[in-house]
Structure formats: structure tokens, C-alpha cells
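Thanks for coming. I will go through one structure today, starting from a single side chain and working outward to the sheets and the chain contact.

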There are 2 protein chains.
Amino acid sequence: MKKVLSVIIMVVLTMPAIAQEIEKWGRFEVAYEANVKGNPFDVVLTATFTNGGQSTTVTGFYDGDGRYLVRFMPDKEGRWTFTTRSKVGALNGKKGSFTCTAPSEGNHGPVSAAGPDFKYADGTWYYPVGTTSYSWMHAPKGYPERTLKSLEESGFNKIRCLFFPQNISYDYEGPYPFERKADGSWNFERFNPDYFREVESYTDRLRDLGIECDLILFHPYDGGKWGFDRMPLEVNLRYLRYIAARMGSFRNVWWSLANEWDGLKRIPAEDWEKFGECVADSDPYGHLLSVHGYTATYYPYWKPWVTHCSIQDQAPVEGPGRAGTVRNIYKKPVVFDEVCYEGNLVARWGNLSGEEELYRMWNALIAGTYATHAECLNLDGNGKSEQSTNYLAFGGDFHGECWKRIKLMRSILEGLPHPLYLADKSWDTSFAGAGDGCYLLYFGKEMKDEWVFDIPTKNLDFARPQKGEKFQVDIIDTWDMTITTWPVTFELGEPTPGNYRFMDVQHRSVRLPLKPYILLRIRKI
Amino acid sequence: MKKVLSVIIMVVLTMPAIAQEIEKWGRFEVAYEANVKGNPFDVVLTATFTNGGQSTTVTGFYDGDGRYLVRFMPDKEGRWTFTTRSKVGALNGKKGSFTCTAPSEGNHGPVSAAGPDFKYADGTWYYPVGTTSYSWMHAPKGYPERTLKSLEESGFNKIRCLFFPQNISYDYEGPYPFERKADGSWNFERFNPDYFREVESYTDRLRDLGIECDLILFHPYDGGKWGFDRMPLEVNLRYLRYIAARMGSFRNVWWSLANEWDGLKRIPAEDWEKFGECVADSDPYGHLLSVHGYTATYYPYWKPWVTHCSIQDQAPVEGPGRAGTVRNIYKKPVVFDEVCYEGNLVARWGNLSGEEELYRMWNALIAGTYATHAECLNLDGNGKSEQSTNYLAFGGDFHGECWKRIKLMRSILEGLPHPLYLADKSWDTSFAGAGDGCYLLYFGKEMKDEWVFDIPTKNLDFARPQKGEKFQVDIIDTWDMTITTWPVTFELGEPTPGNYRFMDVQHRSVRLPLKPYILLRIRKI
């Protein structure tokens, strides 16, 4: 990879001034060489990109070997020109241009929050159906490729992973994000670009699979081994600015300040605000930005720099629709990034059945929120939580049961006219609206052999159902993965007393399989 | 009442300078006469009260008939002196003093937030076990006395009620909070002190019963009849400053900016922030202050002026302990001031059984939150929600079933060493801790004939149970109101794998009545 990158840079450096083409939300990159006195990582380099009346200033960065890079993600088609600015003469006043072309197929741009929902920049709704593998990028040879393959096969469209290496039961041998001093200690003033390039390369591989990379910038699973969990404030801020300069132009990046921020005992609690503001200020693209804590610690997600809630808590997803309360409180997108995992650990956070894991994901969805998958099945069955042979730690192949149902989940979501919400909020927590004339009703663990057609008259802020309208019902078995359209067409009669519900004019019902995890899709025809 | 008050004032005015005695958190009042040009309500009068190194400045107010009052609630025993300040000569530089004595029995001072819990000023925990009667202070003759009697008999220690009259199906004939102009319209520049005195008098009656008055300052149930739901901003702020000056010295007052604030369509949403800040700034005592909205609308309760969450939402209290999520998010006391009511209305918010009402209150309690009672049983059974014959509207006598179980609930709570919280938060939502060595376990609607002794090893930030400790269990039937101590003493064995739970050394169990609404009190002996 390093070799390939060098070749690309050589080409850029030696290229005549012909118009380069970069697709919308793709990445433009230009390299300059300069020899400076002192620490090259201290050099300030910016570039202002202009297209018509629109302009964006980005920060360049030192990439090692006397080379400085400027990266830019254009969000508008047409001709962009740019000029650099630096106190270093060789980096100042450099000009250039490129043409931004239409996005290629599958490129919807970066995801951002749209009220309590997520949207790609091109207006397509984004439904996070994510999994977790902390160290897949830093796992031994062979694992990353297997992880990319298993992700592609399973249909996940988001992965949570750690930027720094994890101190678990395997011998991580580098690279590391910082250079070492002669005495073996870290030189926090000098980054190791190789480390960043590896993460960048895998982030691009995810992008090519249509997968968002929820990159965790700090984590406590270092335990002081390397000390990346206890660096001084100025080092932390320097690191955040550097990674924002390097990776802000990656359209599929989300910033997660931490996994279990409150586990980083050497970082003062008030520093997280500084980190959040630093990343928000350093990222001209406004990528999604949140922070994840211990079970139910709930960071003040109402802070302006927090774009969405990244929560560890299982209580709100232990029944259908309960999580609606969390959505109602924050009025931002809510992702339960830890709801316990499918696994065989002794630790209670890692010993759910696949059924329970899937159930919690659907419980979250019905409330207009999202729960993130993970599995930690140790193949040797030793029950240890720090084990490095499970997907949560290393990636590789899935061995559980839940992941097999993810493609169906995602296809159901992506077939909806609008992201879900509780149609009659707080009154019916099993019944989700999905825009005009489309609903999902989830029975969870309740096994029924019949459902008498009965829908709320309310539909949040969307078109309400009306007497005489006709509906069709699909019976979806979320576990056994079947979809059956019920042959009867229902017709709404008069609303019930108090105007709360509509039933069918003939009070007809749907015969259900007497099984758990049944979902109904109810659509106006 | 008016007559009595006049006599008191005469006494104060004519009294020689002998030392008056006021108990701690009682109310000192002094009156001055002055004739001013223009609107006497515009006169600015303050008084600074000093006791040793401590001083508080309060605002006086015009009380009609050329009389200005200064009220003050002392929070420190000993000699207080004061000096007034005003541009009106007759009100300026007046001095006086009084002696603050020890509080009388039952006077614990005002309630405030202590983290996510409530505490009286004397350090006693306060557990809000409240009910609701919007217009009991403005109900026809006879009702208020019956309401005070029913409150005393039932054991509620808080009531939510409206300051302004309510436009429902009865002919309210005054008084009104403002004077009228010659054309019959309101003169918003002149308050009617008689109206305020009536509210004050009833607030004192509540105080004498040990009941907190959660006074609702705005409400939408005017519907434009009198227009108190659509006054201009400056009138609203003037009203808030006036009531804070009059009633801040009432130790049992809580400020509730509104019931269903988002129903007040003529008040711009941003004004609620102004109201909140105005009350916080105008009340030198920092009384509890919140605002209540429609179902699940969730005001940003994280704002600094909000002391606690006053929420309308039933979803978080539909199962034991779920509401813990709301407590975990806000980290302030949480009161669900509307969780639907015991009643026989067609409206779904007013047709719960008494059992369901009580169940929701216990569900909230187990989570370390509180749910407020109300009943709206129309004796004529006509199902109309605006009916003025039910307790919710008018007070009077209770006719439901839930209220009978309130005294038991309150005695259980007041017997705890500490307010409740989920001992093993988000992992066991039925199991509340109550400080060191005391727990409540609520089964809700689950009917069990046996409970195998099994408690979490965690206890939030309190002392954790230890192997070898002995526990006693009381079986409390919250509906049939029995308390039975189980004869076996349990002894903690080794913790279970993962160190999550303790069971009895012999795995002994408690025989339970096969009934719903059973609560266990588990205490270390």
C-alpha cells in the first residue's frame, strides 16, 4: 500500500497542469515537498477551495519524508480552484484546480443528522445497521481481508472500530501512531504517518463496500500498556487536529470521541467537551460526531457539537419501542452502540443469544432509533472477555446467528418511504410509522395466532389514515426470514370512540404463525 | 380572610419596635403605606435582610389600598435586621428586625433538588407522593375545604394546581387576577390582590398539612375565554415577577411554568426560556422550578434554571424501573406529573383503573423517579373530559381506589434510609436500592408464588452487600395493603459467576401470595 501511495504522489508531483477529475464527495489530494527547520508536524498549511460563490478552507498536514498533503472532499460539481497558504515559502501560494464530476453509483455522500434521522448528502435516507469490531484494522495478517468479506456478505453498513491499538491477549507488534524516542518512550510531537495510512486504507475499503466507519478516537483498553489512554491534553488535541486534517475528506468517516469515555480515568471529565469542540472546529465537513460511555452513563448529548447520541444501554431496548423516550428527549438521532452482544462469555454484556440480539435491534428500530450489533463468540468457549479470537475484538468471520438476518433487516428499512418513528408516540410502542401510508408493527416475543386489524388514527406529523382507505399486510418472520403477503385487503371503518384507532370495516384479522419475532408491514394500496 | 389579614397588617403598622419572632422557614411580613403618583404596581421596593455575615435582598410589592408589603423567609436562626430601599420616600430606608427561632414540628423548610433526589432544607429526604386538582382553589364554595380534608386523609404530600382559573363546564364568577377597565377588558397593568390572597391563603393551608403546592403559572385551558393564555410577553413577565415577590417567601411553593406549555399556542416557544429565567432571577429562595408539556414532548430540562423534570409521559412508567433511563439522562429529580389518570372518561388519558394508576406510581418509584396521581371519575358517568365534577378539575372527595393506597406508599418511602435508585442500573430494573443494606424489589403485574432469594452485588454508589451478611424480607401487598415479615433469615453465599448476584447460602426462597403488585422490602439485619 505504501508503495502504491508513493507512486500516486509522484504522479501528482510531476503532473502537468491538466484538469483532474474528482467525483462529488470523492477525495482530491495534492502533495508538496518542503524542507523546514524544526518539527515538520508543526508547519501550518491551509488551502482554500473555491467553486463559484462557495469556498471551503481545509488544513493540510505533514505526511513524512518531506511531503505535505492537502486533501479535500468537494460537495459541488464543477470547477474548483484552490490556493494554499503557509509561512513556509515552498507551501505558500500554490494554486491548482480540478473538476468535480457527478458521483458514481453507490456514492451518496457523507451521512449527517436530519432531525432525529440520518440522511446521506444526496438526500437518501441512511439507516445504520452496524456492527462492531474494535481492532479489526490492527488484527494479525489475514483478518482484515476476512473482515471486509464478512462485512460485505452480511450487509452491515456501519462498523465501530478503534483508532488506537487494543491491549488484549495477543502480541500487537505495530505500527504505532507516534514515533519513539531513543529511550523507547513516545515522541508525542511526531506522528507515524504509516499508522494513519493503514487506517485510511481500510477506511477506503469500507467506503468501497458502502460501509460507514465509526472511528473511535480514544478508548480505555490500553490500560497504560502504551499510554495512548493517558496522554496530556495538548497531545490529545494535537492528535485530534491531525486526524481531522488527514481524514476529514473521507466521506464515510464518523468521529466517535471514545468508547466508554468514563473508563478513561486519566482524562479529566471536562476534557471531553474540549475534544468535541476541537473536532467540530477542525473538521470543515461536519462529520457525525458523538461520544460513547459506560452502561447508562449518558453523556450530555444535548451539547451543540454532538450530532447524534451514541449510547451504551440495554434497558431502553429490552422491549419494543421503549427507546422512543430517548429519541423524544434528545431530538437527535439515537444509536444504541452497545446493547450487550451475542456471545458465549461469562461476562453478562457478552452472552446474549442471537435471537435476543436481533430482538433488541428490532426493538430499537420500532422506536425510530438504532441498535448496533456485535458478537463475541469465543471458538474455544473459554468465556474470557479479553479473548482475541472473537469478532468483537478482531473481526474475521461471523460465527453467530444474528448476522444472518441483517440483510433482511436492511432491505426492509431501505424499502420504507421514511425512517421509522412511533406513530402514536407513548400510546402504542409497538407500532411504527414510516411516512405516509406505511407502518411496521412488531410483536417481539409475544406469540400470537391472530391479529385483528387495528391501527392508530395518529401518524406523528405525517398523513393520517382516513376512513375507506385500503391496506395490505405482509407477515415478516424476522428470525426465519420469510415474507408472506396476507391475501385479504383491509378497509378502514369509522374510528373507535375517542378517535384513537381504525379497525377494518368487517373487523377482519390476519392469521399469524404462532412464533416470536413477527413483524407486520402494513401498507396503503 | 381579607378581614383577618387587614387586622394583622394594622397590628404590624402600629406595633412598637419590639422583637418579633418568626420561626425558621416561616414568613416575616411588614407593611408600609404610601401614596404615589401613577401606577402603584410600578413602584420598586426592595429590602435587604441581614443576619451575621448572611444577607438576602427581596422585592416588595403593592398589595392594594395604598399598602406595600415586604415578605421574607429566613433560613437561619438568630437576629435578622433589614433596611428597605425605594425611590418613594415613604418606603425608603425603613428599618426593622426580628428574631428567627427554631422551626416548629413538621417544618422541614422548602424542598430542593439534591442530585436526582429531593431534600427538605433541614436535610430530611422528600419523596413527592402527589396528586392533581387543577382548579381546587377556584372551585365553588365548599369544595376547597373538602379538598383539604381529602388531602389530609389520603396522605398526599404535594398537589399540582393552576394559578389562573380554568375555562370548563361551570360558571366561574371570580375573583380574577387583574382589574378590569371601564370597557370590561383587563387592565394588565393592575393586579387584583384579592385573587392572589386567596391563592396564598390556600397555599398556607396546604403548608399546615405538610403539602407542597406545585403552582402552575400558565395553562391552555382558558381557550381565550379570559385570555390569560395569550397575554403579551411584558405582561407575562410582570406577572411572574409579581407572584415571585408575593409568594417566594412561602416555603411550600414550587413553580411550574405551565401545564402543557406547548398547548399555549399564542406564547412563542422561545418565551418559556424567558419565563424560566425571569422566575429564577426573581425568586431569591430558588424554589423548585420546572415546566410541563404534552405527552412525551420533553422540554430541554437540562437548562440551568430547570431544577427538576416535570414530565407528561406514560411510556416510561408502563413497566417497573424503565423510567431509570430518564433519570440517568437528566441527572435531576424526575417527576412524571401525568401518566394518565384513574377515571371513567372516554378520553384515554383519563380511564385507568385504580390498580393501573398505583402500578405506574410504583413503576416510577422503583426507578428512583416519581409519578403523580390524579383521578377523574365523573359521578354521572358521562365520560366527558371537561366535566367539572371530578377531582382532577375541582377537588372535593376522592371516589377512586388508588388514593387509599397512598398512605402505605408514603410510609414505606419515608421509612427508607435513602431515596430509591436502580441498584444495578439497566441490568435489573425491578430492583431498587435505598442506601446501605436496604432494597425494594417490585414484581408489578408478575404473579409469583415463590421468589428465590437473589440480589445484585452492585448497589450504585452505596455499600455493596458482602458474603455472610444476613437479610430479612417483608412481603408487601401494595394493593391489599398488608405487610408480612417472612420468618426465614437469609445469608449471602458466594457471588454467582461474573460476580453479579448473591443468593442465599442454602438457596432458600420466599413463599409469595400468587397476586399482582407485590413488593419486597429486603433489609440487612
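**Salt bridges, sheets and the contact between chains**

I begin with B:K404, which is partly exposed, its relative accessible area being 35%. Please keep in mind throughout that this is a predicted model. The partner of B:K404 is B:E401, and the two form a salt bridge in which the closest N and O atoms are 3.1 Å apart. B:E401 has 33% relative accessibility, so this residue counts as partly exposed as well. As a general point, side chains of opposite charge can pair when their charged atoms come close.

Next, a pair in chain B with a long separation in sequence. B:D397 and B:R146 meet through their side chains in a salt bridge, at 3.3 Å from N to O. B:D397 sits in the loop between α8 (391–394) and α9 (406–414) of chain B, while B:R146 belongs to helix α2 (residues 143–154) of chain B, so the bridge ties together parts that are 251 residues apart in sequence. Are these two buried or exposed? Neither word fits: B:D397 is partly exposed, with a relative accessible area of 33%, and B:R146 is partly exposed at 34% relative accessibility.

For a local pair, go to chain A. A:K149 makes a salt bridge with A:E153, with the closest N and O atoms 3.2 Å apart. Both residues lie in helix α2 (residues 143–154) of chain A, four residues apart, which is about one turn of the helix. A:E153 has 43% relative accessibility and counts as partly exposed.

Chain A also has a set of charged residues linked in a network of salt bridges. Its members are A:E29, A:D63, A:R67, A:R71, A:D194, A:R197, A:E200 and A:R246. How many salt bridges does a search of the whole structure find? Over all chains, the number is 84.

Now the sheets of chain A. Five strands make an open sheet with mixed pairing, in the order β1-β8-β7-β3-β4. At its edges are β1 (20–23) and β4 (54–59) of chain A, each of which pairs on one side only. On average, and ignoring direction, neighbouring strands of this sheet are turned by 30° against each other.

Let me stay with β3 of chain A for a moment. This strand, residues 45–51, pairs with β4(A) in the antiparallel sense over six bridges. Two of the opposite positions are worth pointing at on the screen. A:T48 stands opposite A:T57 in β4(A), and A:T50 stands opposite A:S55 in β4(A). The hairpin of β3(A) and β4(A) has two residues between the strands, and in this hairpin A:G52 takes a positive phi near 60°.

On the other pairing of β3(A), the partner is strand β7 (residues 78–86) of chain A, again antiparallel and over six bridges. Here A:T46 stands opposite A:R85 in β7(A).

Which residues of β3(A) are on the covered face, and which on the uncovered one? The covered face has A:L45, A:A47, A:F49 and A:N51. The uncovered face has A:T46, A:T48 and A:T50.

There is also an open sheet of three strands in chain A, in the order β2-β6-β5, with antiparallel pairing. The edge strands are β2 (28–33) and β5 (61–62) of chain A, each pairing on one side only. β5(A) pairs with strand β6 (residues 67–72) of chain A in the antiparallel sense over two bridges. In that pairing, A:F61 stands opposite A:L69 in β6(A).

Last, the two chains together. A turn of 180°, with a shift of 0.0 Å along the axis, lays chain B on chain A with an RMSD of 0.0 Å. That is the relation of a two-fold axis.

The contact takes 31 residues from chain B and 31 residues from chain A. Of the interface residues of chain B, 100% are also interface residues in chain A, so the copies meet through the same surface. About 2,900 Å² is buried between chain B and chain A, and carbon and sulfur atoms give 59% of that area.

How many salt bridges are there between chain B and chain A? The count is two. As an example of a bridge across the chains, A:D424 pairs with B:R348, with the closest N and O atoms 2.7 Å apart.

That is the end of the talk.

Conventions
Residues are numbered from 1 along each chain as its sequence is written. Chains are lettered from A and ligands numbered from 1 in the order in which they are written. This is a predicted model: local features need pLDDT of at least 70, side-chain atom pairs count only at pLDDT 80 or more; totals for chains, interfaces and linings use all residues. Side-chain values use heavy atoms; hydrogens and water are left out. Copies are superposed by least squares on the C-alpha atoms of residues with pLDDT of at least 70 in both. Contact means heavy atoms within 4.5 Å. Two strands pair if DSSP finds at least two bridges between them. Axes are lines fitted to C-alpha atoms, for helices over the stretch in contact, and angles run from 0 to 180 degrees between N-to-C directions. Buried means under 20% relative accessible area, exposed over 50%, partly exposed in between (1.4 Å probe, protein chains only). Buried area is the accessible area (1.4 Å probe) that two parts lose on being put together, summed over both. A salt bridge is a side-chain nitrogen of Lys or Arg within 4 Å of a carboxyl oxygen of Asp or Glu.
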